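Subject: Structure handover

Hello,

Below is the structure I said I would pass on. My notes follow it, grouped by region.

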Amino acid sequence: MSDLVLLLVTGLGLGALYFIAASGLSLIYGLMGVLNFAHGVFMTAGAYAAWLTMGALPVGWPVAGRLVVGVLVAVTVGAVVGLVVEVVLIRPLYRHHIQQVLVTVGLALAGVAAAQGIWGADPRPVESPAWMSGTTDVLGARLPNDRFVYLLVAAALFAGLLALLHLTRLGLVIRAGVENRTMVEALGINVHRTFTTVFALGGAAAGLAGVLYSQYAGAVSPAQGGSLLIFAFIVVVIGGMGSLTGTAVAAVVVGLVQQLANYYAASGVGDLSVVLLLALVLLLRPTSLKGATA
Amino acid sequence: MTERNPSAPESSEAAPVLALEDVHVRYGGSHILQGVSFDVPATGVTALLGRNGVGKTTTLRSIIGLAPRTGRILLEGTEIQGRTTARIVRGGIGYVPEDREVFGGLTVEENLRLVDPDRGVDAPVVARLFPDLVSRRGQRAGTLSGGQQQMVSLARVLLRENVLLLIDEPTKGLAPKLVTEVADVLAEVARTTPILLVEQNLPLVRRIADRVVVLDAGAVVHRGATADLVADADLTRELLGVSMRRAGVA
């Protein structure tokens, strides 16, 4: 029983990280049709920004305080990187999907190389608040506290994005644009401004994902964003491109499947099981869990 | 087909609200519009007619920048080449596309608030012309009938101040009763705003259009008064491939 509780909570925590990473990706694809392979660079940028910020702040500050500031900086850096990438690289290439893929893949490769060149290829350890490194006993299971943080952050992000989508004009334009962005423009709405905003939002979420994933891994490394991006893509495809709720459901499923497979089959089978899950969904329900085209 | 009177003088009414001059549209290897030129007067309804696939919808899409084009398009005398679609629409051209293209996942209210964030369904024009939409404000547009969706599509553009409306086959697929309702709305709207209307329904064209422009193979082959076209059965058959009797006009 305690093993199962542990697996469920850690699986949910992993799913929460996947959701944070995938939410921006899903919005960007849903609205703009851009498969953003550079999303991993946004995550890496956020992770390094937080690491550098925490290192630059006075050692006398509590680690939790430095982490909070690091998260704020990571979110800001992610948003700025997303905004700049959209304006400079993506905007000239709307409706040129192959070129978009080439540019974002190129940026992903260049971003990793740049991080390696500046900080080296080896992982750099990050500090964690003592409470996040500890555990809490629940139903006989010793649950890692950081998973609760990921779950809380993911739940807050999910609620915030739902509120944005359903309670604001920007959200209304995004929802309409996900259905038919040409028609949004034909109603006189500057959809390109919305594209930029969504890209910045996606970058901010990626920055947040990057810093939380570095806490999960205990280190930052240049390739970290890329490895998280693979799972984020799987989550977005399973959940339905552009569907926030579908992305949330898929993230939970992927996190749980991965964790359970790793425990009950063999270590490392989790990654394989996620890929098999993706293949299964595409075969049995090609319109994805939410009914959107996968 | 021989161009009947495409170079005939345009209407002697006030200056045109829209003028197309030698407009070409190419998609891949296809040359869809091949030098289309005509004016849309500042009053009444101008019907854009022609057989299927001659470039009527492409003409409308080229005007609002949804089709890549060359040539000149002047709105109230000002060239609009190079403007984004959103800017052209905000400049006063309302566009009702073929097949309505309402946002099916949004409610009626949300569809309208996209254009008018403050009033939406509460705008006076909605209550006056589309009272049915007021009671359906919370209903998802995707669950509406074709006629109701057409009303949403029309209401959306009427929430903005327009100098010209482009309306593409508004009665396509509608039951006869709904065709009459749509025609009533268009006639009412045309009192204040000129309309360039693509329509296959000749009785409706005869009822509400003052003048016609006929396209064939991407070029203008006829323009003139609606009454003149309708009165000439041979000309109608030659230009549109239908007889007046079969079209329900005679």
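Which residues touch the most other members of the largest nonpolar core? The model is predicted, and in it that core has 167 residues. Those that touch the most other members are A:Leu17, A:Tyr18, A:Ile20, A:Ala209, A:Ala232 and A:Val235. Helix 8 of chain A, residues 191-217, gives the core its largest share, 15 residues. For A:Ile20, the contacts beyond four places in sequence are A:Val153, A:Ala154, A:Leu157, A:Ala205, A:Leu208, A:Ala209 and A:Leu212.

Next, the contact between the chains. Chain A contributes 16 residues and chain B 20 residues. On the side of chain A that touches chain B, helix 7 of chain A (residues 169-186) supplies the largest share, with 11 residues. By class, that side of chain A consists of 8 nonpolar, 4 polar and 4 charged residues.

In chain B, I looked at two groups of strands.

The first is around strand 7 of chain B, residues 164-168, where 5 of 5 residues are buried. Side chains in a regular strand alternate between the two faces of the sheet. Here B:Leu164, B:Leu166 and B:Asp168 point one way, while B:Leu165 and B:Ile167 point the other way. The charged residue B:Asp168 is thus listed among the buried ones. Strand 7 of chain B pairs in the parallel sense with strand 6 of chain B (residues 93-96) over 4 bridges, and B:Ile93 stands opposite B:Leu164. Strand 7 of chain B also pairs in the parallel sense with strand 8 of chain B (residues 195-198), again over 4 bridges. In that pairing B:Asp168 stands opposite B:Val198. Between strand 7 and strand 8 of chain B the chain passes through helix 7 of chain B (residues 176-190), and this β-α-β crossover is right-handed.

The second is an open sheet of 4 strands in chain B, with the order 2-1-4-5 and antiparallel pairing. Strand 2 (30-40) and strand 5 (78-79) of chain B each have a single partner strand, so they stand at the edges and one side of each has no neighbour in the sheet. Strand 1 (residues 18-27) and strand 4 (residues 69-75) of chain B run antiparallel and are joined by 6 bridges. B:Leu20 stands opposite B:Ile73 in strand 4 of chain B. Helix 1 of chain B (residues 56-63) lies across strand 1, strand 2 and strand 4 of chain B, at about 70° to strand 2 of chain B.

Regards

Key. Residues are numbered from 1 along each chain as its sequence is written. Chains are lettered from A and ligands numbered from 1 in the order in which they are written. This is a predicted model: local features need pLDDT of at least 70, side-chain atom pairs count only at pLDDT 80 or more; totals for chains, interfaces and linings use all residues. Two residues are in contact if their C-beta atoms, placed from the backbone, lie within 7 Å. A residue is buried if 20 or more other C-beta atoms lie within 10 Å of its own, exposed if 12 or fewer, and partly exposed in between; C-beta atoms are placed from the backbone. Two strands pair if DSSP finds at least two bridges between them. A crossover is right-handed if, with the strands pointing away from the viewer, the path from the first strand over the helix to the second runs clockwise. Axes are lines fitted to C-alpha atoms, for helices over the stretch in contact, and angles run from 0 to 180 degrees between N-to-C directions. A nonpolar core is a set of buried Ala, Val, Leu, Ile, Met, Phe, Trp, Tyr and Cys residues joined through C-beta atoms within 7 Å.
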